[in-house]
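Please work through the exercises below with the sequence and the 3D structure open beside you. Each task is followed by a worked solution.

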Amino acid sequence: MEKSRFKVLTLIADIGILTVSFLIMVWSKPASLRSYLPSHTPFFAGLVFIWIIVSLLNGKLHRGQIVNYTSLLFKVLTSNLIAIGIAALLMYAIRDVHYSRTIVLGTAAVATFLELAFGA
């Protein structure tokens, strides 16, 4: 029970961090929520799905896999780089060019920073 509870809590925290970083990046743009939130919601939903799948496969959300700051740094960086890479490849393959690069890449950068800060 303890492992599944830990996994659920870290999953919720990971989604929360990703959501906060997405909103931070949307608020940093001049048009703000009215323009970017409806147009970037499909990207965000896809990114959350990819982010969680990669995090689970990489072991970022598993108890016992992260034992010190070095392993935290390795798991978070590899997992997040793979997730944003897959999302960028999918966006390129679909030819979806109306997304803001600042929001797409900034969301991953801010989320990575927040995960490392809270994980420490």
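The exercises that follow deal with an aromatic pair, a nonpolar core, a helix contact and a single residue.

This is a predicted model, in which local features need pLDDT of at least 70 and side-chain atom pairs count only at pLDDT 80 or more, while totals for chains, interfaces and linings use all residues. Residues are numbered from 1 along each chain as its sequence is written, and side-chain values use heavy atoms, with hydrogens and water left out.

**Exercise 1.** Describe the geometry of the aromatic pair that a search of the whole structure finds.

Solution. Begin with the rule that rings of Phe, Tyr and Trp (its six-membered ring) pair if their centres lie within 6.5 Å, with planes under 30 degrees apart counted as stacked, over 60 as edge-to-face and the rest as tilted. The search finds one pair; the ring centres of Phe-22 and Phe-44 are 4.5 Å apart and their planes stand at 20°, so the pair is stacked. Next, place the partners: because Phe-22 belongs to helix α1 (residues 2-28) and Phe-44 to helix α2 (residues 32-58), the pair ties together parts 22 residues apart in sequence. Helices here are DSSP runs (H or I, at least four residues), numbered from the N terminus. Finally, both Phe-22 and Phe-44 are buried, where buried means under 20% relative accessible area, exposed over 50% and partly exposed in between (1.4 Å probe, protein chains only).

**Exercise 2.** Work out which elements build the largest nonpolar core.

Solution. Such a core is a set of buried Ala, Val, Leu, Ile, Met, Phe, Trp, Tyr and Cys residues joined through side-chain atoms within 4.5 Å. The largest one has 24 residues, and those with the most contacts inside it include Phe-22, Phe-43 and Trp-51. Two or more residues come from each of α1, α2, α3 (69-94) and α4, and α2 gives the most, with nine residues.

**Exercise 3.** Determine how α3 and α4 are arranged.

Solution. Their axes come within 10 Å and cross at roughly 165°, where axes are lines fitted to C-alpha atoms, for helices over the stretch in contact, and angles run from 0 to 180 degrees between N-to-C directions. This makes α3 roughly antiparallel to α4, a term for angles over 145 degrees.

**Exercise 4.** Is Thr-107 buried or exposed?

Solution. Thr-107 is found in helix α4 (residues 101-119), and it counts as buried because its relative accessibility is 0%. Leaving aside neighbours within four places in sequence, its contacts (heavy atoms within 4.5 Å) include Leu-18, Phe-22 and Leu-47.

Note on methods. Parallel < 35°, antiparallel > 145°, perpendicular 65-115°, else oblique.
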